[in-house]
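Please go through this structure with me and, for each label attached to it, say what the label rests on.

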Amino acid sequence: MEAKILKFICANQGAVDAEELMYNLFPGQSTSEVISNQSKFALCSSNGQQRVVARTNLRLCRKKGCPGSCGGLHLCKNFLYTGSCHFLQRRGCSFPHVLNSDYNQRLLIEHELEGLSRAELCTLLLQSDNSMLPAICFDYNNGDGEFGRCTSGVACERLHICQKYLTQSCSCSRAHDFFVPQPIKSLHNKMVPDSIIQCLKSVYANREALRLHMRGGSGRAMRGNPIGAAGGQEGNGADEQKGRQKNKNVKDKTEICMYFIKGHCKHDDKCFKAHDKMPYRWQVQEGGQWKSLPDNEAIEKEYCDPSNTYSSGSPPVHFDTMTRGGNKVRRLTTVNSLVEPTFIHTTEWLWYWQDEFGKWNLYGSVSAGGKSSDIRSETLEQKFLDNESEVEFSAGSQSYSLSFQDMIQTNKHYRTKRLVSRRPLFVSAADVRTKKVRRPAGIFSPVPDHWDKTQIPPTGFSV
């Protein structure tokens, strides 16, 4: 049934009105019963109307000569777009051009996508895999002037297109055409052919709906009205009441209880938080159930290093998509250390930026250039929790802006852009056993606050 729904949606530009879907495929049935698999469908509200947006955890592998353990589809992007590749006739192409190879077919079956045509699969991947298309420029859509607040102008790598235009009629002065100079250049740099560009309005609208849908369930505060996964569903009132009561009784516990880690929780099994001896727990969803992954501490250690995109296990955990093979992965955690500053076993989050050599540097620590920024991880984390869109700071004589939406740091003078990452401070099982008291901020600090905490050895100091 889900394969039939997915094919119907992908054949209709990746999203359909919920009413249209039910009328064509499941007349008389409840939307909430049919659209229940949130790894494949997002039930969103757009302009007062319910729409079902298709999505997948499958991604294209962009590593040349990948041995096949990455869990990504091994296929040339040009071939996915058009069914052919012009590089083959010129200088050759390093990526496979066979969609139904044994490896790819196994992945498609695993994700239940084997029934999709190449064009339908292309639509699904374009709106699910954020690396395939350039992001819309946040600065262009804010501020005055021809390019809004964006100072890169036509050289900007992001898309200068009106964000409002994607979902509703708009007559503002910003671009409403993907074929004007800046958008077409940005898209061609990503090797997107004109035949695909003609259909991008719906793709970007679906990407935005999925982004807001994910933010609505991420635990971070929402701006405006969230696009929910189950808002406004139709169905029998008695059945819905029974379902709500059932969900209430088996409420999913996604935050770890700090009292249990410390030794005792007076609420026992009635506690509304998960009981675990570690302040983090990695889980994989199998058969509709969340199961703890082996090597919990090893996965956490690799996740805390911003240079890692995958874990080293087999199959690996993909940290960007939070998947393991075709299954969803999640990380249970304790409350943020800034939310409960006097508690122990909270989770401390660190912020990093990547320099031109690919090295990740902790904010507030001295970088390769010899200058430390005037902003630290604690400040960035607080602004992130406050749901601010961006923050400005300086390092030496240079000024920067950091976009939380894009996770990009921009030099305001040279316009160079750097990737930004947010990862937790690693805590081992031994650390948990020996940590008994949380030091109040700024009191009897063993090392200066601006030191790189990831480099502090067990002795507490380093020459």
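Q: How many disulfides does the structure hold, and why is the pair Cys70 and Cys61 not called one?
A: This is a predicted model, and it holds 0 disulfides. The sulfur of Cys70 has its closest cysteine sulfur in Cys61, at 3.6 Å; a disulfide requires the two sulfur atoms to lie within 2.5 Å, and the pair is therefore too far apart for a bond.

Q: What makes Cys70 buried or exposed?
A: The relative accessible area of Cys70 is 18%, and because buried means under 20%, Cys70 is called buried.

Q: How do you know whether Asn57 is buried or exposed, and where in the chain is its place?
A: Asn57 has a relative accessible area of 18%; set against the cut-off of under 20%, this value makes Asn57 buried. Its place is in the loop that runs between β3 (49–54) and α4 (77–82). Once neighbours within four places in sequence are left aside, Asn57 is in contact with Ser39, His111, Thr323, Gly326 and Lys328.

Q: Why is Cys304 called buried, and which other residues of α13 are buried?
A: Cys304 has a relative accessible area of 7%, and since the label asks for under 20%, Cys304 counts as buried. In α13, Asn296, Ile299, Glu300, Glu302 and Tyr303 are buried as well as Cys304.

Q: What covers the buried residues of α13?
A: The cover includes the strands β4 (280–286), β6 (317–318), β8 (327–333), β9 (349–354) and β14 (417–424).

Q: Which residues touch the most other members of the largest nonpolar core?
A: The largest nonpolar core has 65 residues, of which Ile5, Leu73, Leu121, Phe178, Leu187, Leu200 and Tyr204 touch the most other members. For Leu200, with neighbours within four places in sequence left aside, the contacts are Leu133, Phe178 and Leu187. A second core, separate from the largest, has 14 residues, including Trp351, Phe393, Phe404 and Val420.

Q: Which elements have the lowest and the highest mean pLDDT, and over which residues does pLDDT stay under 50?
A: The protein averages a pLDDT of 82, and 83% of the residues score at least 70. Among the elements, helix α11 (residues 237–249) has the lowest mean, 45, whereas helix α13 (residues 296–304) has the highest, 96. The pLDDT stays under 50 over residues 217–250, a stretch for which the model has 41 contacts beyond four places in sequence. Residues 439–445 also have a pLDDT below 50, and beyond near neighbours in sequence they have 3 contacts in the model.

Methods:
Residues are numbered from 1 along each chain as its sequence is written. This is a predicted model: local features need pLDDT of at least 70, side-chain atom pairs count only at pLDDT 80 or more; totals for chains, interfaces and linings use all residues. Side-chain values use heavy atoms; hydrogens and water are left out. Helices (H or I, at least four residues) and strands (E, at least two) are DSSP runs, numbered from the N terminus. Buried means under 20% relative accessible area, exposed over 50%, partly exposed in between (1.4 Å probe, protein chains only). Contact means heavy atoms within 4.5 Å. A nonpolar core is a set of buried Ala, Val, Leu, Ile, Met, Phe, Trp, Tyr and Cys residues joined through side-chain atoms within 4.5 Å. pLDDT is the predictor's confidence in each residue, from 0 to 100.
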